[in-house]
Structure formats: C-alpha cells, structure tokens
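Trainee: Could you walk me through reading a model like this one? I'd like to go feature by feature.

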Amino acid sequence: MKIVQVLTNIWSTPDLRRKILFTAFILLVFRIAAFIPIPGVDLPGLRQLFASNQLLGLLDIFSGGTLTNFSIIALGLNPYINASIILQLLTMVFPKLEELSKEGEYGRRKINQYTRYLTVPLAAIQAYGVILFLSKSQGLIQISSPLQLATMVVTLTAGTVFLMWLGELMTESGLGNGISMIIFAGIVARFPVAVGQTASVFDPSKLLNFALLLGAALVVIAGVVFVNEAMRMIQVQYARRVRPDGSPGMVQSNYLPLRVNQAGVIPIIFASSLLLVPGLIANFITSVATGPVLATAQNINNFLQNQLYYGILYFVLTVLFTFFYTAVTFNPDKIADEIKKYGGFIPGIRPGQATANYLNFILTRITVIGSIFLGAVAILPFMMQSATGISTLVVGGTGLLIVVSVVLEAMKQLQAMLVMRHYEGFLP
C-alpha cells in the first residue's frame with residue numbers, strides 16, 4: 001500500500017510527472033535511433049561476431065545493443081565516458097583544471113564543455129577504428145570509396161554527439177543523470193532479448209541450474225546495493241567558538257564519509273578496456289600478417305579467449321585499478337589540510353600529517369574490500385556460465401553495477417523531491 005501511495009503522490013505532482021514523461025520521451029527517441037542502421041553492413045554476421053566474442057560484448061553493453069545493429073548511434077556513449085575519465089584524471093594532474101573544478105557551477109560547466117570538445121575527436125577515432133576492424137579483419141563492411149568511409153565516420157561521430165545532447169537534456173529537465181539513464185536504458189533493453197534467447201533453448205533437465213542462476217542474481221543484486229551504499233563514517237570535531245557574551249560554545253561535530261566502493265564502476269571499465277585493445281589488435285593482425293607476427297597474434301588471441309586466464313587477469317586488473325583510481329580521486333593529505341584549516345580534528349588523532357596517515361590507513365582497509373568485491377562482480381558472469389552452462393543470461397558484471405547505481409540515484413532524487421513537498425518517500 002505504501003508503494004501505491006508513493007506512486008500516486010509522484011503522479012499527482014505536476015513537476016515530477018513532467019520530469020518522468022520527459023525522461024520517457026528521451027528514452028523512446030534513443031531506442032528508435034538504435035534501430036536505424038548504417039547501410040553496407042552485414043548485420044547477421046555482425047551479430048554472430050558479437051555473440052561469440054566476450055571482449056566485443058562489453059562494448060555492446062555500453063552501446064545498449066546498438067553495435068550489433070550498427071545503427072547511427074552504434075558507438076553509444078563510449079567516447080563520452082572515455083573523455084570524462086580523461087578529464088577527471090587530468091584534473092588531478094594540472095593545477096589549473098583542479099582550480100577550475102573548485103569554482104562551483106561555473107567550473108562544472110567549463111569542464112563539461114571541455115569534455116564535449118574531447119568527445120568529438122575520440123568518437124571519430126573510435127568510429128574509424130571500428131569500421132577498419134570490421135572491414136579489414138572480418139569483412140563485415142564493404143568500403144567502396146573514401147567518401148563512404150568518411151560518411152560512416154561522420155555519421156557515427158554525429159550519433160555520439162546526438163546521444164550526448166539527449167543526455168544533457170534529460171539531466172536538465174528529466175529524472176536522474178541523463179548519461180547514466182541512457183546507458184541504463186540500453187542495458188535494460190537487452191534483457192527481454194536475453195530472456196527470449198533463454199526461453200528458446202530452455203531445457204527442463206537444467207531447471208535446477210536456472211533456479212541457481214535466479215537465486216544468485218537476487219543475492220548479487222542485494223550485495224551490490226549493500227556495498228554501493230556502505231560507507232565508513234569518521235567523526236570530525238571542530239574547536240569551541242566563544243559566544244558574544246564570552247561563554248564557550250558547544251563543540252561542533254560532523255562526519256566524513258568514506259565509501260567502501262569509492263571508485264564506482266570505473267575500475268571495471270579501465271580493466272576491460274585494457275583487455276579489449278590487445279584482442280582487437282590481435283584480431284586485426286591475424287587477418288593481415290604472416291610468419292612470427294601472425295603466430296604471436298594468434299597466441300594473444302587464444303590467451304584472451306581462454307576464460308580461466310581471462311578471468312584471472314580481469315580480476316587482478318580490476319583490483320589494481322580500484323586502488324589506482326581511489327588514490328587519484330581521494331587525497332588524504334588534502335582532506336587533512338582542509339580539516340585542519342577549518343579548525344577540525346578527528347578525536348584521538350593529531351591534526352596534520354597524523355590525520356592524513358589515519359585517513360590513508362582507513363581508506364586502504366575499506367578499499368581492499370571494495371576492490372575484491374568489484375573484481376568478483378566483474379568475473380561473476382564467467383563463473384556462473386561455467387557453473388550452470390547457461391550463456392544467454394548474465395549475472396553480475398558491469399551492466400548490473402550500472403543498473404543498480406542508476407536505480408538508487410533515481411530513487412534518491414525522487415525521495416528528495418517527495419520529502420521537499422511533505423510527502424513520504426520510498427526510503428525509510
């Protein structure tokens with residue numbers, strides 16, 4: 001009954017209703033564009049290639065299935081995601097960008113503008129690489145002239161820019177973060193297809209395996225929600241301030257939250273991208289090289305196609321990138337200086353370097369848990385496929401992390417809007 005009441009409150013609020021309808025309209029436009037193909041592509045062969053290659057399947061996740069259709073938005077938001085990650089890392093390297101990021105709304109708009117500028121060349125390079133790979137190594141695209149190649153590159157680049165524009169419109173006038181919602185919609189849109197494929201090959205003798213897969217899915221979703229929301233609260237107290245009458249004021253206390261999953265889904269993207277590049281290069285070299293170079297490329301390709309070796313390497317890289325990205329985005333020395341500058345201290349810890357060491361100690365301990373969790377979620381699809389023999393349904397992986405994160409973010413935004421209007425929300 002509470003859910004019904006909450007949904008009624010949402011729909012009876014004009015602002016919320018308008019945001020939901022606008023979000024639904026943008027997502028509808030996205031899904032229509034996903035089925036407008038670029039001419040000259042062998043679509044059945046392309047779908048078979050993506051179904052047989054686990055590395056290429058990752059790209060298809062972030063594109064929302066548009067790569068298998070090779071639509072006008074086939075690249076999805078991959079170039080934008082890469083540009084955002086690059087700008088975020090550059091912010092930690094260049095002081096001017098770091099200062100710009102601290103200038104509130106103006107700084108955020110400027111960094112977003114730089115991200116958009118960087119997205120265009122990245123999209124063009126990625127479009128050219130994908131077309132070259134599919135035409136030279138796989139023969140799935142027939143390039144008859146340089147003009148056709150240029151037209152395809154421009155079309156794919158424009159498709160990414162179009163998606164980026166839709167995402168920003170949704171962020172301004174819709175529900176949640178627009179970029180995340182589009183990626184979320186693409187991942188969810190693949191679910192009915194996966195269910196249909198599973199139903200077509202359903203074997204009653206494997207009913208126990210399907211039950212095991214369903215149970216594992218529920219446990220993993222609960223675990224992702226728990227770890228995604230888990231954080232270590234560190235108490236920070238601030239010195240007493242003298243009141244106007246000369247009497248001492250109360251000690252002010254606050255909390256510094258350190259998330260267990262401080263890096264989010266970024267380490268998995270880093271690790272999978274690093275594994276993807278050698279595979280693509282090896283596939284391309286296999287079709288054009290001879291001799292020792294061909295043998296080396298085939299060995300690399302065989303190594304990456306071995307699920308055991310691939311899974312171990314994927315897990316190790318995810319753990320390492322979690323520590324790397326956490327170290328880049330969270331600076332204990334800077335946080336300790338900020339606390340000291342405003343007269344704060346952690347009870348029992350001296351201000352300054354001792355505080356920085358304490359924060360680094362706590363962060364390292366919880367990052368161990370977060371990194372192992374991310375690594376386990378990353379390789380869980382391979383483990384479940386080996387245990388159940390079901391390859392059409394995937395449990396875990398990058399897609400699940402993105403879906404859970406987006407749903408939680410949207411629920412929190414709705415919760416805040418309902419509470420602001422004196423309604424009771426979803427969350428207690």
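Trainee: Is Tyr309 buried, partly exposed or exposed, and why?

Mentor: This is a predicted model, so keep in mind that the values are computed from it. The partly exposed class runs between 20% and 50% relative accessible area. Tyr309 has 42% relative accessibility, so Tyr309 counts as partly exposed. You'll find Tyr309 in helix 14.

Trainee: Which residues make the nonpolar surface patch?

Mentor: Tyr309 joins Phe303, Leu308, Ile312, Val316 and Leu320 there, and the patch covers about 580 Å². Helix 14 (residues 307–329) is the top contributor, giving 5 residues.

Trainee: What about Ser180: buried, partly exposed or exposed?

Mentor: Apply that cut-off again: buried means under 20%. Ser180 has a relative accessible area of 23%, so Ser180 is partly exposed. Ser180 sits in helix 10 (residues 178–200). Its C-alpha atom is 8.0 Å from that of Gly167, 13 residues away along the chain.

Trainee: Now the inside. Which residues touch the most other members of the largest nonpolar core?

Mentor: Val224, Tyr314 and Leu401, in a core of 57 residues. Helix 16 (residues 353–388) gives the most to this core, 8 residues. Setting aside neighbours within four places in sequence, Val224 is in contact with Phe373, Val377, Leu400, Leu401 and Val404.

Trainee: Where is confidence lowest, and where is it highest?

Mentor: General idea: where pLDDT is low, don't read the predicted coordinates in detail. Here, helix 4 (residues 54–63) is lowest with a mean of 62, while helix 9 (residues 146–173) is highest at 90. The protein chain averages 79, and 85% of the residues score at least 70.

How values were computed: Residues numbered from 1 in each chain as written. Predicted model: local features only at pLDDT ≥ 70, side-chain atom pairs only at ≥ 80, totals over all residues. Heavy atoms only, no water. Core = buried A, V, L, I, M, F, W, Y, C linked by side-chain atoms within 4.5 Å. Buried < 20%, exposed > 50% of the residue type's maximum accessible area, 1.4 Å probe, protein only. Helix = DSSP H or I, 4+ residues; strand = E, 2+ residues; numbered from the N terminus. Contact = heavy atoms within 4.5 Å. pLDDT = per-residue confidence, 0-100. Patch = residues over 30% accessible without salt bridge, like charges linked within 9 Å, V, L, I, M, F, W, Y side chains within 5 Å. Areas by Shrake-Rupley, 256 points an atom, 1.4 Å probe, with all protein chains shown as cover. Salt bridge = Lys/Arg side-chain N within 4 Å of Asp/Glu carboxyl O.
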